[in-house]
Amino acid sequence: MISMKKKIFLMTALLGMMLSPARGQFGLLGRKKARTTPQTEQKDTTQTARQAPVSRYERLFRGKEHTRAEGGFMTLHLVEGKLYFELPVEMMDRQMLLASTVTRTTDNTVAVNGYKANDPLHLVFTLENSLVYMRRPNARIVFDEQDQRMNRIVQDNYLSPALDKYRILAYNPDSTAVVFEMTALFTGDDEKVSPVGKGDFPMAIRAVADKSLSKIEQIKSFPDNVTIRTAMQYKVSAKRVNTTLYTDRPVAVTTTRTLLLLPEEPMRPRISDSRVGTFLVNKQELSNRYD
């Protein structure tokens, strides 16, 4: 028989084996011990992966074929055939001249190289809410600007009519200039800036622009002006008195348009002289003086 002391010794040894750490991957009862791996800190990349929002200004040009012409006056953008003006806010209400000159032509009886078929367009841009208006300033009236009464009369009776309006697409990054599209004026059929005239009696010419075949070729910007060169396609019809000479003849005309910033202080009017080769404007003086 096993003595009491031996029984106590055996039970103590067996209990110690059950409580001791398992050797290898298996414990005493044959169950596999879970492998523990060191915990690595994972960096939260949510914030770094999140990009800054793209501005409306960047969306106009990012990832597109883009030509930029920047000068002291204004910046031009040619983006996939579309023309955008980036006009500083400080240039609003400044008087400008837009002239169209023929550079190349397929028919010099319709458009003469080096000549302007129409007088330059006198214009101003005005900023009104989310729109830019192109207006023709009423510069016909001459008056004493120090006279408050005459100022009120001119403001109430000689407004500057709007020629067109353009939606503001974006402000530049520092909000000092607005961006708007001007493609239609330079590739369209606006008679005010057309390089093709209406002809002289007895010849009458009618030219219709083919917008689908017209394109802007080049843009440039300088300290006080910008130039836009456009390849225009026209369908031209001509009549001599009541006789039709031809109808819808295709004519290509390359025209260079210059937008010139005029001085802030208007130039003093002078009496016209036929010997001076420039366009003429009419002037009307308003005065409180009695003749």
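**Exercise 1. How many helices and strands does the protein chain have?**

Let's start with the ground rules. This is a predicted model, where local features need pLDDT of at least 70, side-chain atom pairs count only at pLDDT 80 or more, and totals for chains, interfaces and linings use all residues. Residues are numbered from 1 along each chain as its sequence is written, and side-chain values use heavy atoms, with hydrogens and water left out.

Solution: the protein chain has 5 helices and 15 strands. Here helices (H or I, at least four residues) and strands (E, at least two) are DSSP runs, numbered from the N terminus.

**Exercise 2. Work out how strand β5 sits among its partners.**

Step 1: Find β5 at residues 121-128; 6 of its 8 residues are buried, so the strand is largely enclosed by the rest of the structure. Buried means under 20% relative accessible area, exposed over 50%, and partly exposed in between (1.4 Å probe, protein chains only).

Step 2: Look at β4 (residues 96-105), which runs antiparallel to β5 and is joined to it by 3 bridges. Two strands pair if DSSP finds at least two bridges between them. Met 96 stands opposite Leu 123 in β5.

Step 3: Turn to β6 (residues 131-135), antiparallel to β5 with 5 bridges. Glu 128 stands opposite Leu 131 in β6. The hairpin of β5 and β6 has 2 residues between the strands, and Asn 129 takes a positive phi near 60 degrees there.

**Exercise 3. Describe the surroundings of Asp 224.**

Step 1: Place Asp 224 in the loop between β12 (215-221) and β13 (225-240).

Step 2: Asp 224 counts as partly exposed because its relative accessibility is 37%.

Step 3: Leaving aside neighbours within four places in sequence, Asp 224 is in contact (heavy atoms within 4.5 Å) with Phe 73, Leu 259, Leu 260 and Leu 261.
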